[in-house]
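User: I'm new to this one and would like a relaxed walk through it. Could you take my questions one at a time?

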Amino acid sequence: MLAGEVQAPGRVNLIGEHIDYHGLPVLPIAMDRRIRIRFRARGDRRICASSAAPFGRREFAWTGDLQPVAAGDWENYLRAAASAVASRWGLCAGVDAWIAADLPPAAGLASSSALIVAFTLCLLAANGIHAGFEELMAILPEGEHFVGTRGGGMDHAAILASRAGCASLIEFAPLAVRHIVVPGDWAFLVAHSLETAEESGSARTAYNARRQAGAAALARLGMASYREVIAAPQRHAELLARLAGSNEDAERDAFLHTTSESARVTEAVAAIEAGDAAGFGRLLTESQGSLRDRLRVSSPALDRLVDAALACGALGARLTGAGFGGAVVAVTRKPDLPALRHGLISSYYDGRAGFCEADHLIDALPAAGAGFEVR
Ligand code: GLA
């Protein structure tokens, strides 16, 4: 009977926000906050999992036609993993699983994807199945659509294939991960706005609408992909003019965000490779401006937190993840990290109910992923 333990980290997207679902490269890191699952294979097809309060225990039969349960119930992530595995390997033995996590949920740190990835790895390991990175990437992003978010593949790729000390430049067409060494004296601080980013509620509808607006702009222009748009920068002004005539502000703004964010990813990679922390920081802050004003996925709390980080000496800061609440990531040099941390505590968190430094202010050292090599 197979038993063991698997783990999957959270991710912090450094830059390249709301563009993975258009097939454009993004630049996240994995962080050393993880979901760990101990498991034992069962002799039947039942899936039994428990996690500390408030999550509790869930149990269901693994069948070929799993449907979601009530929106917001964490069992949906277990069901998503089971459906994803079944779509490729068929129904297998069920498991008894015990889940522990030090990754804050609903913070924009991909805790949902980490749970789906970890539970997928758990089901595979319990059945003695060895899957590769490409095989997992073929089922995981699609599998997450089970819970209703039409997300891209950034989170799963970062969670599976990140390397300690490196950011991951993830490309989707074709799928590839380039590990970019982060200069040793740079530091990333993840600061929670204290407003959650619930993926199952209105944020999910708003997220899907942003994706839809970007796709509609592309369709209006008669272009096949954003990669095609990016490859022809000399046409951007003309394309924009055509969108301006359409009276569809949301589409034009999504187009502007997508094309400019893609350029910032390229520049951010160059800044890391040149050790240009100030330049990298500027790109993060520009990304925040575009997410706030064009894509409109920021929130007053996230804007205030970004401003507070900049006022406390961060070289740049932006929301990370889907937005609509959750966390920001700020970049600074390591010697300036304590001042940034203390500055945020006194200027943003001071006296706010529910603030817990260990959960809401996290030093995000670029960490290893779940341990998958990319060919
Ligand atoms: C969520 C999705 C990702 C990505 C980000 C925004 O985290 O899961 O695929 O689209 O939002 O960049």
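**Around the ligand**

Analyst: Let's start at the ligand: a polar side-chain atom of Glu-17 lies 2.6 Å from one of the ligand's oxygen atoms. Keep in mind that this is a predicted model.

User: How much of the ligand's accessible area does the protein cover?

Analyst: Besides Glu-17, Arg-11 has a polar side-chain atom 2.9 Å from an oxygen atom of the ligand. Asp-155 joins in too, with a side-chain N or O atom 2.8 Å from a ligand oxygen. On its own the ligand has 310 Å² of accessible area, and the share that the protein covers is 96%.

User: How do the residues of the shell around the ligand divide into nonpolar, polar and charged?

Analyst: The residues surrounding the ligand include Arg-11, Glu-17, Asp-20 and Asp-155. Also among them are Gly-151, Gly-152, Met-154 and Tyr-207. Sorted by type, the shell comes to four nonpolar, four polar and four charged.

**The two domains**

User: Which domains does the shell around the ligand draw at least three residues from?

Analyst: The domain assignment splits the protein chain into a domain built from 3-17 + 26-171 and another spanning 186-363. The shell takes at least three residues from each, so to speak a shared job: domain 1 and domain 2.

User: How many residues does the contact take from domain 1 and from domain 2?

Analyst: Taken over C-alpha atoms, the centres of domain 1 and domain 2 are 25 Å apart. As for the contact between them, heavy atoms have to be within 4.5 Å to count. On that basis, domain 1 gives 28 residues and domain 2 gives 34 residues.

**The cysteines**

User: How many disulfides does the count come to?

Analyst: A disulfide needs two cysteine sulfur atoms within 2.5 Å. Cys-48 is in no disulfide, as the nearest cysteine sulfur, in Cys-122, is 11 Å away. By this rule the count is zero.

User: Why is Cys-92 without a bond to the closest cysteine sulfur, and which residue holds that sulfur?

Analyst: Cys-92 is buried, with a relative accessible area of 11%. The closest cysteine sulfur is 12 Å from its own, so it is too far for a bond, and the residue holding it is Cys-122.

User: Is Cys-48 buried or exposed?

Analyst: Buried means under 20% relative accessible area. Cys-48 has a value of 2%, so Cys-48 counts as buried.

How values were computed:
Residues are numbered from 1 along each chain as its sequence is written. This is a predicted model: local features need pLDDT of at least 70, side-chain atom pairs count only at pLDDT 80 or more; totals for chains, interfaces and linings use all residues. Side-chain values use heavy atoms; hydrogens and water are left out. A residue is near a molecule or strand if one of its heavy atoms lies within 4 Å of it. A polar contact is a pair of N or O atoms within 3.5 Å; within protein, one must be able to donate a hydrogen and the other to accept it, and residues adjacent in sequence count only if both atoms are side-chain atoms. Accessible areas come from the Shrake-Rupley method with a 1.4 Å probe; for residues, only the protein chains shown count as cover. Ala, Val, Leu, Ile, Met, Phe, Trp, Tyr, Cys and Pro count as nonpolar, Asp, Glu, Lys and Arg as charged, and the others, Gly among them, as polar. Domain bounds come from an automatic or database domain assignment. Buried means under 20% relative accessible area, exposed over 50%, partly exposed in between (1.4 Å probe, protein chains only).
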